[in-house]
Amino acid sequence: MDAQSIIAALRDRARKYVSLDTPEDADLGDMAIDIATGFLPVVGTAQAGRDFERARREGDKLGMGLSSLAAIPVVGGVAKAANKARKGEKAAEETVKALRQGEQKAPRMSAQEAQEAGYWHPIGLGKKLEKPYDEITFKTEKVKDLPQRKSISLEDMQGQYIVPAVGDRTAAGKRLTEVEGVKLNKPVELEGGPDFMLTHGSAPGPDSTIWASGQPIVSALRNRALQAEQQGGKANLVYVPMGYNSLNFSTMPVDAALEMIRSGKIAKKAKREFDGAVRSLRPEFAGIDSPEVVDQLRKTGELRHAFLDRMQLDDFQNAGFPHLSSIRKAIMEPALADVPLYHGGYSVGAIDTALPINKAPKAPHSTYDTQLHGHVLGGIDTPIPHTMLWRDFFNERRVRQMPESGDRMAFERSKPLQKVDQQLLDEVMPYVEALRKRGPQ
């Protein structure tokens with residue numbers, strides 16, 4: 001070893017010795033020297049002050065107490081040895097934890113290999129999954145037995161009108177009890193989504209509803225049904241699935257994430273840092289362990305967004321916070337896992353205009369405050385593109401030379417009414433029959 005290397009090594013030792021922050025790269029040699037010098041009367045006392053400050057910065061109360069004892073000459077070496085042994089055990093635990101996390105990370109492979117192995121799925125929102133989609137596990141329990149879904153055809157609605165209910169893919173009629181081996185102390189109610197019609201619109205009567213959303217959207221859907229009646233036909237609500245990112249909006253993923261954090265083994269320091277990160281976006285955040293946090297997150301969509309956004313940061317993922325892709329799979333209706341964007345028909349319900357919109361439902365949805373009256377009809381077993389189902393709306397946009405890039409946003413806002421006439425059936429039914437013959441892909 002040359003002179004410069006020796007000097008560099010001595011400087012490194014000195015840095016570790018005087019730093020008020022615990023060095024992350026300290027080795028067994030550093031630990032042995034620290035313990036030995038703890039028995040020296042003057043040097044040991046100085047070390048005790050340094051160690052007390054290190055423990056204070058880490059929030060380590062036991063370490064602060066042992067460092068205070070280390071200030072006593074001679075005895076200090078014993079206290080220091082106990083403290084170092086305790087920290088060595090903790091470091092070993094952290095190393096094992098890091099190794100386990102490393103085992104869970106996807107192995108290096110080409111894009112094609114990753115695709116074939118199942119590391120890519122739309123629930124990842126364009127990012128590689130932490131593990132193959134089929135290996136993401138969760139458990140649910142029934143809340144009640146849902147009625148059997150009746151299979152219907154677009155032909156059954158000939159002469160009537162259809163209006164789109166654009167919504168997320170969440171499941172209904174279940175409670176989520178476990179995600180990726182983490183049991184939820186408080187199971188999360190899954191409310192739908194498309195099967196909201198089954199849970200709320202199967203029994204006829206004044207309380208039967210088929211959709212839940214904000215008041216402006218529910219009012220707009222009912223107004224479309226009134227328009228259909230003025231044109232001589234009834235209106236049916238046809239479910240149309242949004243993108244997989246819509247699974248983040250409802251209270252369900254936040255409830256699940258919060259329960260996983262509380263049921264898991266995440267360090268208090270990591271929780272404090274997470275609270276601070278969320279407050280950097282939303283200062284009103286009560287904190288993960290606050291008794292107010294559940295109600296607070298349910299009331300404010302912007303706060304839910306900030307909560308999930310910060311949780312996805314690498315620092316918190318490495319600290320053991322839940323993977324959102326796993327939660328998305330857990331709360332999603334399995335039948336919609338691979339249904340293409342805006343391919344509708346999974347759930348269909350008849351709108352009841354005899355009753356006004358329901359602002360105070362007996363069976364409320366935790367995310368949405370208003371419901372639309374009606375009863376479930378069933379579901380079309382083959383997803384149909386929205387551009388085919390609402391033909392007139394898109395044809396009109398092409399005639400007016402409106403850009404295709406704005407089609408989806410305009411579709412969601414307009415909630416267009418479409419008559420199921422013979423021309424529509426002639427265009428759609430051959431497509432449906434072709435897919436049925438092809439079978440599952």
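These exercises, each with a worked solution, cover strands, burial and backbone angles in one predicted model.

The model is predicted: local features need pLDDT of at least 70, side-chain atom pairs count only at pLDDT 80 or more, and totals for chains, interfaces and linings use all residues. Residues are numbered from 1 along each chain as its sequence is written, and side-chain values use heavy atoms, with hydrogens and water left out.

**Exercise 1.** Find which strands stand at the edges of the open sheet of 6 strands, and say why one side of each lacks a neighbour.

Solution. Begin with the terms. Strands (E, at least two residues) and helices (H or I, at least four residues) are DSSP runs, numbered from the N terminus. Two strands pair if DSSP finds at least two bridges between them. Next, write down the order, which is 5-9-8-6-2-11, with mixed pairing. Strand 5 (209–213) and strand 11 (418–419) are at the edges; each has a single partner strand, so one side of each is left without a neighbour in the sheet. Inside the order, take strand 8 (residues 348–351) and strand 9 (residues 370–378): they run antiparallel and are joined by 4 bridges. One residue pair to locate is Gly349 with its bridge partner in strand 9, Val376.

**Exercise 2.** Describe how strand 3 pairs with strand 1 and with strand 4, and state how many of its residues are buried.

Solution. Start with strand 1, which pairs with strand 3 in the antiparallel sense over 5 bridges. Here Phe138 stands opposite Val179 of strand 3. Then turn to strand 4: its pairing with strand 3 is also antiparallel, over 6 bridges, and Val182 is the bridge partner of Val179. Strands 3 and 4 form a hairpin with 2 residues between them, and Glu180 in the turn has a positive phi of about 50°. Last, count burial (buried means under 20% relative accessible area, exposed over 50%, partly exposed in between, with a 1.4 Å probe and protein chains only). In strand 3 (residues 172–179), 6 of the 8 residues are buried, so the strand is largely enclosed by the rest of the structure.

**Exercise 3.** Decide whether Leu125 and Tyr342 are buried or partly exposed, and give the phi of each.

Solution. Recall the background: most residues other than glycine have a negative phi, and most peptide bonds are trans. Leu125 has a phi near 55° and lies in the loop between helix 6 (111–117) and strand 1 (138–142). Its relative accessibility of 36% makes Leu125 partly exposed. Tyr342 has a positive phi of about 60°, and lies in the loop between helix 14 (324–331) and strand 7 (343–344). With a relative accessible area of 5%, Tyr342 is buried.
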